[in-house]
4 protein chains.
Amino acid sequence: MAEKHTLLLTVRGYELDSYNHINNAVYLNYFEHARWEYFKALDLMPSLTESELSLVVTDIHIRYQREVKLFEELIVESSCFPEKPYLIFQQRIIKKSTNLPAARATTKLIFVDKEKMARDIPDGLLKRLK
Amino acid sequence: MAEKHTLLLTVRGYELDSYNHINNAVYLNYFEHARWEYFKALDLMPSLTESELSLVVTDIHIRYQREVKLFEELIVESSCFPEKPYLIFQQRIIKKSTNLPAARATTKLIFVDKEKMARDIPDGLLKRLK
Amino acid sequence: MAEKHTLLLTVRGYELDSYNHINNAVYLNYFEHARWEYFKALDLMPSLTESELSLVVTDIHIRYQREVKLFEELIVESSCFPEKPYLIFQQRIIKKSTNLPAARATTKLIFVDKEKMARDIPDGLLKRLK
Amino acid sequence: MAEKHTLLLTVRGYELDSYNHINNAVYLNYFEHARWEYFKALDLMPSLTESELSLVVTDIHIRYQREVKLFEELIVESSCFPEKPYLIFQQRIIKKSTNLPAARATTKLIFVDKEKMARDIPDGLLKRLK
């Protein structure tokens, strides 16, 4: 079963856009940040960096639910499961003060080799995610 | 019928990530950039900025198809149509040298007033998009 | 005398560039982030946002001293003092694990009104910084 | 003598910040973008990428002179000269419509090898810059 990972972060001043809230790309950055922290928390970074493979995003779907302002505290929840040959991340951003959702995302990733050919999920990772 | 808008751009040095290609957020920036240029090309900026309404993204779905490298020339094609009360943008990024697709995106936007309540598409814009 | 403010942060995955370390603009973001946190920590945000004035950067000088990698923990130290009509921030980024400097910056800011004319530092802020 | 390089660019929608103009980091991106284009225009990219050396920034000093708004057309002028073992870039951003300066920057770069040790400017590049 997928392990759930929780990350706490606070909106930074330079992340605001002309509407005075964080813009679309910043949510995407938060989701990516949480995926890296997920791999780190599960101690999967060594197997990712030592392998000859790269993990690349093929699809991302973000639903924006609420605007987010300066200094807001956010919780990013991430879970990951295999859907061979893809890895699927389900993530959501929740406002800490109200527990209301700010955004959610589904991201599909695949391992590719140096010739950019799709490859299976490495066994070590597969075992760890189950 | 939706008007099609075409934007040409070249990948910049500071947009590369640790895989030495542009990362996910940069594609999203390119799509947003092309949406602004779309509104500008159709002379819709005055009606957007003078109105009391803000146009916010509710959904974005990006499919990444090919990696993109430094100095590559890209074509961003955008078309927009109303799906009341939403505006829908269909966009794709094509590599100019090979005509191969690099990414495509569907983005859903809605007008909101100062209380963040959803509002209809302004008539002037609706007429212009038909 | 200037109060010193300390901020702890960890390098995020999406902040890496093609050399696999954080690039120049990310250091600048960290310094800006720390200046916002400085104003927040000293409870100066209300006086900044309620005033009719904007605080804008006129000069920034960054000296890059060491490269910074994924997941590194960094300390950003900030102090601020008035040099009428400017505010001067002296900041440095230190690697937490080794206590070695990664970068330092001097940033000069000025208050401007809605016509972009330079204005004096508001008295409340001036008093608070002494 | 240093060759002067000129780059034309237009401000993009996603580059605006909460003051509704481009923020400090965007100017820095523009200057970096222009340096890459400088190397490309002088056909120096092959010697940079084939060499075992990396070119890293050690100092950047930006003076911000005027705010820059959405869709403004900007000219970035760059010249580069050796100051052994450093490369020095002198750059400025000018508003195309008024010819008024928006910012200027001095950037100091140095070549480092894989052990991050400073190295001389490669002869081929040195010859090209004189």
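The following is a conversation about a predicted model, its chain pairs and some of its helices, strands and residues.

Trainee: What should I keep in mind about numbering and confidence before we start?

Mentor: Residues are numbered from 1 along each chain as its sequence is written, while chains are lettered from A and ligands numbered from 1 in the order in which they are written. This is a predicted model, where local features need pLDDT of at least 70 and side-chain atom pairs count only at pLDDT 80 or more, but totals for chains, interfaces and linings use all residues.

Trainee: What is the average pLDDT of chain A?

Mentor: On the scale of pLDDT, the predictor's confidence in each residue from 0 to 100, chain A averages 91, and 98% of the residues score at least 70. For the model as a whole, ipTM is 0.92 and pTM is 0.93.

Trainee: What makes chains A and B related as by a two-fold rotation axis?

Mentor: Two copies of a chain are related by a rotation about an axis and a shift along it. Copies are superposed by least squares on the C-alpha atoms of residues with pLDDT of at least 70 in both. Here a turn of 180° and a shift of 0.0 Å along the axis lay chain A on chain B with an RMSD of 0.0 Å. The two copies are therefore related as by a two-fold rotation axis. A:His61 is the residue of chain A that comes closest to that axis, at 2.1 Å (C-alpha).

Trainee: How do you know that these copies meet through the same surface?

Mentor: Residues are in contact if their C-beta atoms, placed from the backbone, lie within 7 Å. Of the interface residues of chain A, 100% are also interface residues in chain B, so the copies meet through the same surface. The contact takes 17 residues from chain A and 17 residues from chain B. On the chain A side, the elements giving two or more residues are α1 (24–41) and β2 (54–64), and β2(A) gives the most, with nine residues.

Trainee: What are those elements, by definition?

Mentor: They are DSSP runs, numbered from the N terminus: helices are H or I with at least four residues, and strands are E with at least two.

Trainee: Why is β2(A) called paired with β2(B)?

Mentor: Strands pair if DSSP finds at least two bridges between them. Five bridges join β2(A) to β2 (residues 54–64) of chain B, and the strands run antiparallel. Within this pairing, A:Ile60 stands opposite B:Ile62.

Trainee: Which superposition relates chain D to chain B?

Mentor: Chain D is superposed on chain B by a rotation of 180° with 0.0 Å of shift along its axis, again at RMSD 0.0 Å. Of the residues of chain D, D:Leu9 comes closest to this axis, at 5.2 Å (C-alpha). The same surface serves both copies, as 100% of the contact residues of chain D recur in chain B.

Trainee: What makes α1(A) largely enclosed by the rest of the structure?

Mentor: A residue is buried if 20 or more other C-beta atoms lie within 10 Å of its own, exposed if 12 or fewer, and partly exposed in between, with C-beta atoms placed from the backbone. By that test 14 of the 18 residues of α1(A) are buried, so the helix is largely enclosed.

Trainee: How do you know that the reach of α1(A) is close to the expected one?

Mentor: The expected span is 1.5 Å times one less than the number of residues. The 18 residues of α1(A) reach 26 Å from first C-alpha to last, close to the 26 Å expected. Just after this helix, A:Asp43 takes a positive phi of about 60°.

Trainee: Which strands does β3(C) pair with?

Mentor: Seven bridges join β1 (residues 4–10) of chain C to β3 (residues 73–83) of chain C, running antiparallel, with C:His5 opposite C:Ser78. Another 10 bridges join β3(C) to β4 (residues 86–95) of chain C, also antiparallel, and there C:Glu77 stands opposite C:Arg92. A hairpin of two residues joins β3(C) to β4(C).

Trainee: Why is B:Phe31 called buried, and why is B:Arg104 called partly exposed?

Mentor: B:Phe31, in helix α1 (residues 24–41) of chain B, has 25 C-beta neighbours inside 10 Å, so it counts as buried. B:Arg104, in strand β5 (residues 101–112) of chain B, has 18 C-beta neighbours inside 10 Å and therefore counts as partly exposed. Leaving aside neighbours within four places in sequence, B:Phe31 is in contact with B:Gln91, B:Ala105 and B:Thr107, and B:Arg104 with B:Arg63, B:Gln91 and B:Arg92.

Terms used
Two residues are in contact if their C-beta atoms, placed from the backbone, lie within 7 Å.
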